[in-house]
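Dear colleague,

I am passing on a structure that will be new to you. Please have a look through it before reading my notes underneath.

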Amino acid sequence: MDIRNNNTTTHLKTAGGALVNWWRAATLDGLIVGVLWLIGLELIRVPFAPLWAILGGILQIIPTFGGMVALIGPVLAVAFSGHDEWRLGLVLGLYGLIVILEGLVIAPYVLHRTTKVPWWAAFLGPILLGIIIPFWGVLLAPPVLAIIFAFRKPSSPA
């Protein structure tokens, strides 16, 4: 009985540690995206750029949809400030650049560095789980991958 409790405790600690590391990765990812938003919006001279950058970083925690929701503020700020369509196009281009950088470089790199999830798994996991479980798969893929790879045995040097 005591051995089972010890194994259960060990497994719960491993899974809990993996989830804490995933949360650290998600927070760092949001911080990096917020800084990218701030730099880009300041260069484009969008009104209330720091506010939109903070919201962009916070909303980054919501996979797939957070970035789209974060785009609404800067677009409306540019539209209502009387600026031309060129700036609106720059804001949309900035969003596209941030999405590509975050999805292909930042998120997989940060997830790998904090949770030891390989780059290919961090990139393909949300896609595959999104196909299997359309909405929830994308949301659950990063923490599930962190837990799965936390239980993998480290490979011994050969």
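The notes below describe the pockets and what lines them.

This is a predicted model, in which local features need pLDDT of at least 70 and side-chain atom pairs count only at pLDDT 80 or more, while totals for chains, interfaces and linings use all residues. Residues are numbered from 1 along each chain as its sequence is written, and side-chain values use heavy atoms, with hydrogens and water left out.

A pocket here is an open set of points on a 1 Å grid over the protein atoms alone, where a 1.4 Å probe fits, with protein on both sides within 12 Å along at least five of seven lines, and lining residues have an atom within 4 Å of a point. The largest pocket has a volume (the space filled by probe spheres set on the points) of about 720 Å³. Its lining counts 27 residues, and Gln-60, Pro-63, Thr-64, Glu-102 and Ala-107 are the closest to its centre. Helices (DSSP runs of H or I, at least four residues, numbered from the N terminus) H1 (2-44), H4 (85-115), H5 (119-132) and H6 (136-150) each supply at least two residues of this lining, and the largest share, nine residues, comes from H4.

The second largest pocket has a volume of about 190 Å³. Lined by 14 residues, this second pocket has Gly-30, Leu-31, Gly-34, Ile-54 and Gly-57 nearest its centre. Two or more residues of its lining come from each of H1 and helix H2 (49-59), with H1 giving the largest share, eight residues.

Best wishes
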